[in-house]
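Please look over the structure below with its internal space and its helix packing in mind. A short report follows.

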Amino acid sequence: MDEHKGCLGPEGSVVVLGFAFCFVYLAFNGAQNLQTSSTETIGGVKLGDWSLGLMYLGNTVSGIAIAAPACARTTDRNAILYWILAIPLFIAANVVYPKYALLPASVLAGISSGVHITAAFGYLSSCVAWRAAPEKTAWLTGVFYSLMQTSQILGNLASSVMLHTHHHGSVNDTVSTDDDNTNMRWLAVLYVTSCIVGYALFFALPNLPRETGALTHVPLLAKITGMARLVLRDRRMPLLVLLFVFSGFKQNFLFGIFTKQITAELGHSDKDVGYIMASFGGADAVGSALLGLLASRAGGGVVVALSSVCCAVGSMLLVVWEHEHTFASLSGLAVVLGLGDAGWNAIIVSTLSTLYPKERRKTPPATSAAASDVAPDDGDSDAVLQSMLCFSTYIFFQSGTTGVAFLYQSYATLLVLIAVFMASLLCAVISYTWLAHRHLPKLRAPEASPLLHDS
């Protein structure tokens, strides 16, 4: 494999990776939030629930059977380049809005997301291994999420501004058919341009020098069944699964339940959903960087406590003040929930990068042309494969939980949905506390770092 350092360095690579996802997900998040607020139904279930439920179930299938083999055949950078091309199809289906074309596009986008998100987390882990500084894991993860979540601000503001026109003499904001078609065309142009810029940034990423590369010598069956072996044999994994499941319920709550509650409280208004979710994105972006830095300096437990309080307060106030919310109160809740989402995202991904690093040894790999063609040794292969399987396991459980939640939420009351979310939050807090007590303290000491020793 041709490996090169490039001119970005690990921190620069994380910044470029974050901006690339920002531009691609600017279009994705804007279209997704408009879709979840749709009132159109198929078989009594809202189209947005069908679409996102199928997308996350496709993501689940990808996590268990596709992501690890696909990422193992090439570098993390190239896997992102190849598989993220399916996302524009989902965006186009949302903007053009053909009812039955949206469903297969959602499945394809879910499968694609399982691969390119697994590759992105692997690339992030490679940046940490490159610098050989596990204490910076939470900070680098926070920087990545901060830049990526900026897409929530830009995408939702763009959608709100372009779809908002005032019709004088009417209480409600309405859009004529001609104006609606014109606005949607301009929105489509913005989304296409954003995706092109994002893809160009992905292309500019270097293949990291500590990235071990394609694991073509590992049997395909081992890659597919490795997840099951990892879950069953690694005593840390059951605790991590509770974090993954909570992350899935969190995704459903933020982008399914909360957005629908906005339309229920304020009436069906795409511009209100966009403005409020832009507030959420702003808090998520700022909170990711600040809470990631706080986790690196004060420990993850502090961030978990703050993020859990934000999630609990935000969700409880949503149901306590049901039918009494205003635009201002919902915007305030969006900020609180954005901070909760930011902290938990940084904690979960940085914990995985710390427990399952891409490299087991401090000695850097050879960079000569001859050495780059040699397959990595068993220790490095095991480390890279285990890290890759760990992230694909995360995608599997998170997406599976989110997909199921999107499909059943149409049949449950808001109180029941909040109760399920709160129960998963409690399990996640207990799980992380146990992980921090039994495993993470060992990784903070330099002499016990897995980056310095073979297991």
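## Lining of the largest cavity

By class, 11 nonpolar, 13 polar and 1 charged residues line the largest cavity. This is a predicted model.

The lining numbers 25 residues, and Tyr25, Tyr56, Ile117, Gln251 and Gln398 are the closest to the cavity's centre. Seen by element, H6 (137-162) gives at least two residues. H6 in fact makes the largest contribution, with 5 residues. At least two residues each also come from H1 (9-36), H2 (47-72), H5 (99-131), H9 (237-266), H12 (327-355) and H14 (378-408).

## Cavity count and volume

How many cavities of 30 Å³ or more are there? The count is 4. The volume of the largest is about 420 Å³.

## Packing of H11 and H12

Helix H12 supplies lining residues for the largest cavity, and it also packs with helix H11, residues 300-320. Their axes lie 8 Å apart, at an angle of about 145 degrees. The crossing of H11 past H12 is left-handed.

On the H11 side, the contact includes Gly300, Val303, Val304, Ser307, Ser308, Cys310 and Cys311. Gly314, Ser315, Leu317 and Leu318 of H11 also take part. H12 brings residues including Leu330, Leu333, Val336, Leu337 and Leu339. Gly340, Asp341, Gly343, Trp344 and Ile347 of H12 join them. By class, this contact has 13 nonpolar, 7 polar and 1 charged residues.

Note on methods. Residues are numbered from 1 along each chain as its sequence is written. This is a predicted model: local features need pLDDT of at least 70, side-chain atom pairs count only at pLDDT 80 or more; totals for chains, interfaces and linings use all residues. Side-chain values use heavy atoms; hydrogens and water are left out. On a 1 Å grid over the protein atoms alone, a cavity is a set of points where a 1.4 Å probe fits but cannot get out, and a pocket is an open set with protein on both sides within 12 Å along at least five of seven lines; lining residues have an atom within 4 Å of a point. Grid points are joined across faces, edges and corners, and a volume is the space filled by probe spheres set on the points. Helices (H or I, at least four residues) and strands (E, at least two) are DSSP runs, numbered from the N terminus. Ala, Val, Leu, Ile, Met, Phe, Trp, Tyr, Cys and Pro count as nonpolar, Asp, Glu, Lys and Arg as charged, and the others, Gly among them, as polar. Axes are lines fitted to C-alpha atoms, for helices over the stretch in contact, and angles run from 0 to 180 degrees between N-to-C directions. A crossing is left-handed if the near helix is turned anticlockwise from the far one by less than a right angle, and right-handed if clockwise. Contact means heavy atoms within 4.5 Å.
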